[in-house]
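Dear colleague,

I am handing over the structure we spoke about, and below it I have set out what was found in it. Please read the notes with the model open beside you.

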Amino acid sequence: MTRPLDSLDKKILSAVQQDSSRSLDELAKEVQSSKTPIWSRLKKLRKLRVIKKEVAILDPESLGLNACFFVLVRTSQHEKNWQDLFLSALASRPEIQEAHRLAGDVDYLLKVRVKDPADFDRFYQSLVSEISVFNITSLLSMQEILSTTALNIED
């Protein structure tokens, strides 16, 4: 970003994080501005990749994806070839919603959404048959207490 976000940029970003499908008229009313500056700032924020993309957030349970597992992966292999193979294995699995490389005792954290524990077991068996890891720990989320895609952009 070439310049810091001003208060109008932040208001726009806060508003679109809650619902990006609103019309320019609705956004302008909410952030107390007119449509033209809203449109031009949105265009600029998209071009600068402050707004990376706009998507619909689906309800997993309404789609039958009732089980959320967090998978902790430990590896003793840190060579580039292994990492490339591991990343390729992750990219080919649509069940993975998030994947993070971590500092500390655990090397990777995966968030996996599936229908049920049997579906997770199929995912797990497929993954470990493709990639060698030192240890995997799987944790079933009993209840999602808080989930958001919104970032805190307040001053």
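Read from the N terminus onward, the chain follows the pattern α-α-α-β-α-β-β-α-β, which amounts to five helices and four strands. Please keep in mind throughout that this is a predicted model.

**Overall form**

The C-alpha trace of the chain spans about 55 × 35 × 25 Å along its principal axes. The radius of gyration of the chain is 20 Å, whereas a compact globule of 155 residues would have one near 15 Å. Buried residues make up 29% of the 155 residues, and the chain exposes about 10800 Å², of which carbon and sulfur atoms supply 52%. Among contacts with a separation of 6 or more, 67% are between residues 24 or more positions apart in the chain.

**The nonpolar cores**

The largest nonpolar core has 18 residues, and those with the most contacts inside it are Val71, Val73, Phe86, Leu110, Val112, Phe120 and Leu127. At least two residues of this core come from each of strand E1 (67–74), helix H4 (80–91), strand E3 (108–114) and helix H5 (117–130). Another core, of 13 residues, lies apart from it and includes Leu8, Ala15, Val16 and Ile51.

Leu110 is a useful residue to look at within the largest core. Leaving out residues up to four places away in sequence, Leu110 touches Phe69, Phe70, Val71, Val73, Leu90, Ile96, Glu98, Ala99 and Leu127.

**Helix H1**

Helix H1 covers residues 7–18, and at 1.5 Å a residue its twelve residues should span 16 Å, which agrees with the 17 Å between its end C-alpha atoms. At the start of H1, a side-chain oxygen of Asp6 comes to within 3.1 Å of the backbone nitrogen of Leu8. The buried residues of this helix are Leu8, Asp9, Lys10, Ile12, Leu13, Ala15 and Val16, and they pack against helix H2 (24–31) and helix H3 (35–47).

Asp9, which has its place in helix H1, counts as buried because its relative accessibility is 0%, under the 20% cut-off. The side chain of Asp9 is joined to that of Lys44 by a polar contact of 3.5 Å. Not counting residues up to four places away in sequence, Asp9 touches Arg3, Pro4, Arg41, Lys44 and Leu45.

**Arg113 in strand E3**

A second charged residue to examine is Arg113, which lies in strand E3. With a relative accessible area of 11%, Arg113 falls under the 20% cut-off and is therefore buried. Its side chain makes a polar contact of 3.5 Å with the side chain of Glu144. Setting aside neighbours within four places in sequence, Arg113 is in contact with Pro60, Leu65, Asn66, Ala67, Cys68, Glu95, Gln97 and Glu144.

**Asn152 and Lys10**

Asn152 lies in the segment after strand E4 (135–140), and it counts as exposed because its relative accessibility, at 68%, is over 50%. Although Asn152 and Lys10 are 142 residues apart in sequence, their C-alpha atoms are 9.8 Å apart in space. Lys10, for its part, is one of the buried residues of H1.

With kind regards

Technical notes:
Residues are numbered from 1 along each chain as its sequence is written. This is a predicted model: local features need pLDDT of at least 70, side-chain atom pairs count only at pLDDT 80 or more; totals for chains, interfaces and linings use all residues. Side-chain values use heavy atoms; hydrogens and water are left out. The expected span of a helix is 1.5 Å times one less than its number of residues. Buried means under 20% relative accessible area, exposed over 50%, partly exposed in between (1.4 Å probe, protein chains only). Contact means heavy atoms within 4.5 Å. A polar contact is a pair of N or O atoms within 3.5 Å; within protein, one must be able to donate a hydrogen and the other to accept it, and residues adjacent in sequence count only if both atoms are side-chain atoms. The radius of gyration is taken over C-alpha atoms; the globule rule is 2.2 Å times the number of residues to the power 0.38. Accessible areas come from the Shrake-Rupley method with a 1.4 Å probe; for residues, only the protein chains shown count as cover. A nonpolar core is a set of buried Ala, Val, Leu, Ile, Met, Phe, Trp, Tyr and Cys residues joined through side-chain atoms within 4.5 Å.
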